[in-house]
Number of protein chains: 2
Amino acid sequence: MNGGMSVGDTAALAGVTVRTLHHYDRIGLLSPSGRTAAGYRQYAPADLERLHQVLLYRELGFPLEEVATLLDDASADPAEHLRRQHRLLRDRLERTQAMVAAVEKEMEARAMGISLTPEERFEVFGDWLPEEYAAEAEEKWGGTDAWAQSQQRTRAMTKEDWLRVKAEGDDVERRFAGALAAGVAPASEQAMDLAEEHRQQISRNFYDCSPEMHAGLGRMYVEDERFTAYYERIAPGLAQYVSTAVQANAARQG
Amino acid sequence: MNGGMSVGDTAALAGVTVRTLHHYDRIGLLSPSGRTAAGYRQYAPADLERLHQVLLYRELGFPLEEVATLLDDASADPAEHLRRQHRLLRDRLERTQAMVAAVEKEMEARAMGISLTPEERFEVFGDWLPEEYAAEAEEKWGGTDAWAQSQQRTRAMTKEDWLRVKAEGDDVERRFAGALAAGVAPASEQAMDLAEEHRQQISRNFYDCSPEMHAGLGRMYVEDERFTAYYERIAPGLAQYVSTAVQANAARQG
DNA sequence: GCTTGACCCTGACGCGACGTCAGGCTGTTG
DNA sequence: CAACAGCCTGACGTCGCGTCAGGGTCAAGC
């Protein structure tokens with residue numbers, strides 16, 4: 001008795017199926033260190049520890065065979081595994097953040113009627129080799145009206161909703177422009193209140209936009225020329241103005 | 001001419017293989033909107049846009065069939081897809097952050113010679129149902145020495161390295177205790193310098209530890225009783241002291 | 001003591017999402 | 001006009017399991 005956990009308990013604990021543990025046993029990735037007289041698998045603490053490592057590496061995308069060589073490499077102590085896992089997880093974190101940022105950028109672009117290039121859209125999917133295909137694609141159907149057309153179709157949202165959302169956005173933009181014209185400082189309470197309204201509008205109509213995320217958008221308004229152009233067409237200096245107000249507002253929230 | 005991109009160009013642009021595009025065509029997930037007289041696939045802008053959606057949903061773990069139903073659902077406009085993708089990506093971000101934190105906790109625990117329970121280790125792998133298995137496992141081999149044993153073996157790092165690292169850690173801890181005894185305020189420059197040394201020690205020996213991450217560790221020292229106990233055994237009040245110093249140090253860096 | 005029902009075992013086949021040839025057509029370039 | 005890169009359609013292989021099928025095990029309750 002007390003020779004370890006059954007395969008079912010182990011599976012439940014680790015959040016995998018019994019079949020998965022059978023599989024890992026068969027391919028020699030994780031064989032329980034004991035069996036009962038009747039042939040029941042018995043998982044000891046050390047087995048669970050190994051299972052944990054296996055699941056981590058699996059989650060990180062390693063094929064099981066490679067996981068086995070990693071874990072069986074006697075020259076790699078546990079601390080090294082932890083360091084590697086840590087590094088890989090932080091890479092993944094960055095990548096996910098980039099994807100979140102890309103989706104937010106796309107939303108913002110849609111709201112403004114700006115269309116992003118396909119290169120930009122795919123940028124976030126790793127291993128990117130720019131120049132080459134950028135030029136190629138641009139040449140093939142870069143400046144045509146195909147984009148404008150495919151743009152038109154994609155924008156649905158029930159026209160009514162869209163018009164309401166657009167009106168809301170225009171309203172805040174006009175009030176920003178008014179504040180700018182009246183000489184109200186972009187870091188003033190009044191401008192920050194407008195920024196806050198802008199943020200809550202995004203949250204209502206598009207996605208839950210935290211102050212930090214909003215600050216990121218603010219930066220983009222002056223860093224990406226197309227977003228800058230959008231605001232500059234409303235009023236000269238408005239891009240910088242909104243950007244500053246938004247970031248100031250984010251700062252006061254924290 | 002100019003009827004769209006070839007399958008090769010498209011694959012390169014999107015960072016997938018030609019075979020993948022063939023597959024998507026065959027299963028009807030993404031059929032290029034045109035073909036040349038010779039039967040060559042021609043991908044139009046709208047096709048690329050769809051491909052982008054497909055890859056995003058795929059990355060998020062959806063089976064291709066489900067991706068198809070999602071994208072073919074006429075009642076779901078593009079904005080809704082963006083919102084959903086945003087939500088899913090943020091979930092994933094949170095999950096990854098939790099895993100990073102778990103790995104850091106494990107490293108910290110190892111450095112202190114504390115062993116975490118298997119429940120804690122698996123906690124981070126979603127869909128967690130606590131109570132039940134917690135009790136079960138605890139009963140089966142909770143307090144035995146099995147853990148201690150499996151602990152011993154896992155700690156390799158070449159004994160020499162480990163001793164050096166341990167000595168370094170002990171040194172800083174002793175100096176923290178000394179500062180506490182001498183009545184040096186935990187938010188004082190002297191204590192913060194010690195905290196900074198602590199942080200750099202972690203960075204050298206374990207993983208790159210940013211000030212924010214370090215602040216997180218500091219919080220843990222008072223929130224998790226085992227980490228608290230570790231420090232309290234060195235000197236009463238030391239857990240809170242180190243925690244405060246570490247967080248103060250993190251604050252001054254930012 | 002015997003049955004019931006939950007849990008365990010080992011095959012063995014199936015499946016999703018492609019990878020990887022094979023055998024043959026296309027089309028641009030020197 | 002030959003060569004070579006690129007495209008086509010089968011068709012089989014692979015990885016990581018899911019899903020039966022057919023049969024043993026074991027604590028619980030009658």
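A residue is near a molecule or strand if one of its heavy atoms lies within 4 Å of it. With that definition in place, I turn to the structure shown above, which is a predicted model: local features need pLDDT of at least 70, side-chain atom pairs count only at pLDDT 80 or more, and totals for chains, interfaces and linings use all residues. Residues are numbered from 1 along each chain as its sequence is written, chains are lettered from A and ligands numbered from 1 in the order in which they are written, and side-chain values use heavy atoms, with hydrogens and water left out.

I begin with DNA strand D. There are 19 residues around DNA strand D, and those that come nearest are Thr17(A), Tyr24(A), His22(B), Tyr40(B) and Arg41(B). Which parts of the strand do the protein atoms meet? Of the atoms of DNA strand D within 4 Å of the protein, 66% belong to sugar or phosphate, and the rest belong to bases.

Some of these meetings are polar contacts. A polar contact is a pair of N or O atoms within 3.5 Å; within protein, one must be able to donate a hydrogen and the other to accept it, and residues adjacent in sequence count only if both atoms are side-chain atoms. Two examples involve bases: an N or O atom in the side chain of Arg19(A) is 2.8 Å from a base oxygen of DNA strand D, and a polar side-chain atom of Tyr40(B) lies 2.7 Å from a base nitrogen of that strand. A third involves the backbone of the DNA: the side chain of His22(B) has an N or O atom 2.7 Å from a phosphate oxygen of DNA strand D.

The elements that give two or more residues to this surface are α2 (18–26) of chain A, together with α1 (7–14) and α2 (18–26) of chain B. Helices here are DSSP runs (H or I, at least four residues), as strands are (E, at least two), and they are numbered from the N terminus. The largest share, four residues, comes from α2(A). By class, the surface near DNA strand D has seven nonpolar, seven polar and five charged residues. In this scheme Ala, Val, Leu, Ile, Met, Phe, Trp, Tyr, Cys and Pro count as nonpolar, Asp, Glu, Lys and Arg as charged, and the others, Gly among them, as polar.

Next, DNA strand C. Of the 19 residues around DNA strand C, His22(A), Arg41(A), Thr17(B), Tyr24(B) and Leu64(B) come nearest. Sugar and phosphate make up 71% of the atoms of DNA strand C within 4 Å of the protein. Phosphate oxygens of this strand lie 2.9 Å from a polar backbone atom of Gly8(A), 2.7 Å from an N or O atom in the side chain of Arg41(A), and 2.7 Å from a backbone N or O atom of Leu64(B). Here the largest share of the surface, four residues, comes from α2(B).

I now move to the salt bridges. A salt bridge is a side-chain nitrogen of Lys or Arg within 4 Å of a carboxyl oxygen of Asp or Glu, and the structure holds 37 of them over all chains. In one, Arg199(A) pairs with Glu196(A), with the closest N and O atoms 2.7 Å apart. Why are these two about one helical turn apart? The reason is that they are three residues apart in helix α10 (residues 189–205) of chain A.

Another salt bridge joins Glu106(B) to Arg121(B), the closest N and O atoms being 3.1 Å apart. Because Glu106(B) lies in helix α5 (residues 78–112) of chain B and Arg121(B) in helix α6 (residues 118–123), the pair ties together parts that are 15 residues apart in sequence. Are these partners buried or exposed? Glu106(B), at 9% relative accessibility, counts as buried, and so does Arg121(B), at 6%. Buried means under 20% relative accessible area, exposed over 50%, and partly exposed in between (1.4 Å probe, protein chains only).

Finally, the nonpolar core, a set of buried Ala, Val, Leu, Ile, Met, Phe, Trp, Tyr and Cys residues joined through side-chain atoms within 4.5 Å. In soluble globular proteins, nonpolar side chains tend to be buried together. The largest core here has 127 residues, and Leu51(A), Phe176(A), Leu51(B) and Phe176(B) touch the most other members. Leaving aside neighbours within four places in sequence, Phe176(B) is in contact (heavy atoms within 4.5 Å) with residues including Ala191(B), Leu194(B), His198(B) and Tyr241(B).
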